[in-house]
Amino acid sequence: MSLHAIITRLRAAGCVFAEDEARLLSTAARDHAELHAMVDRRVSGLPLEHILGWAEFHGLRVTVGPGVFVPRRRTEYLVHRATPLLRPHTVVVDLCCGSGAVGAALATTEPRIALHAADIEPAAVKCALHNITQHGGEVHEGDLYDALPTALRGRVHIIVANAPYVPTDAVALMPPEARDHEPRIALDGGTDGLDLHRRIAAEAPHWLTPGGHLLIETSRRQAPHTAEALATNGFHPQIHHCDDLGATVVHGTR
């Protein structure tokens, strides 16, 4: 199958970046049969990252697998906002870590941090183990803070969270790649999309040091409500936007 033929098929299937995807698939395939199979899977709607086995994030190739949330480029802004806070031996927790992309990016920026990542999805934890442990971090499986070692209580300097924030009724409106191939639990944030944000903010003071930081990715529309959840729990919140990435982060200082 020629590169032109692959591009044509991908375009017909609605792939916006057909040329780039065709080149990536051609490079990844070991032979023509595998290339045909990979193109068929992409045309059927499987996310490109699940086919390749990795996603590009903040200059890294982050391992992802079937049924795992694919890190979005906008989430690089969460890394950008957290990076200036890093110091050697800073204790960082990546909550709702998914593949562990955010934590891995932070550990690449400052390798001497003490990194912990947590997620409730076993498939995500499996990917995070690969992405986080190679940077010296630890990965824990469980529901939010329940996953973390109790010895971390009161010792965490930074919590970063890309928790689900899509309102339940809006999940059906997401692109098929997301709603059909990523776990619902990684997308659905409850009636108004903020259920997890409220839980994270409510429990964070028990884990953070005085002056510690909580950074949560959210949407521009939801940001005031996420900030309110932080303020209610003793944080001084600030809302930050990045128009280039279409990203919003609420940063609360305890």
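The UniProt annotation "domain: Methyltransferase small", taken from an unreviewed entry, covers residues 88–167. In this predicted model, the end C-alpha atoms of that span sit 37 Å apart, and the span itself is 26% helix and 26% strand. As for the wider layout, the chain is divided into domain 1 (3–44) and domain 2 (74–253). The centres of the two domains, taken over C-alpha atoms, are separated by 33 Å.

Next comes the seven-stranded sheet. This sheet is open, with mixed pairing, and its strands run in the order 5-4-3-6-7-9-8. Strand 5 (138–141) and strand 8 (236–242) take the edge positions with a single partner strand each, so one side of each has no neighbour in the sheet. From one strand to the next, the twist averages 20°. Further in, strand 3 (residues 91–95) pairs with strand 6 (residues 156–161) in the parallel sense, over four bridges. Asp 94 stands opposite Val 160 of strand 6. Helix 7 (residues 122–133) lies across strand 4 (114–119) and strand 5, and runs at about 175° to strand 5.

Then there is the hairpin of strand 1 and strand 2, with two residues between the strands. Here strand 1 (residues 54–57) and strand 2 pair in the antiparallel sense, again over four bridges. His 58 in this hairpin takes a positive phi near 50°. Side chains in a regular strand alternate between the two faces of the sheet. Strand 2 (residues 60–63) shows just such an alternation: Leu 60 and Val 62 point to one face and are buried, whereas Arg 61 and Thr 63 point to the other and are not. Val 62 also turns up in the pairing, as the bridge partner of Ala 55.

That leaves the cysteines. A disulfide is a covalent bond between the sulfur atoms of two cysteines. With a cut-off of 2.5 Å between sulfur atoms, the count of disulfides comes to zero. Take Cys 127: the closest cysteine sulfur belongs to Cys 97 and is 9.8 Å away, which is too far for a bond. Cys 127 counts as buried because its relative accessible area is 8%, under the 20% limit. Cys 242 has a relative accessible area of 16%, so this residue is buried too.

Key
Residues numbered from 1 in each chain as written. Predicted model: local features only at pLDDT ≥ 70, side-chain atom pairs only at ≥ 80, totals over all residues. Heavy atoms only, no water. Pairing = 2+ DSSP bridges. Axes fitted to C-alpha atoms, helices over the stretch in contact; angles between N-to-C directions. Contact = heavy atoms within 4.5 Å. Domains from an automatic or database assignment. Buried < 20%, exposed > 50% of the residue type's maximum accessible area, 1.4 Å probe, protein only. UniProt positions renumbered as here; feature names shortened; annotations may be inferred.
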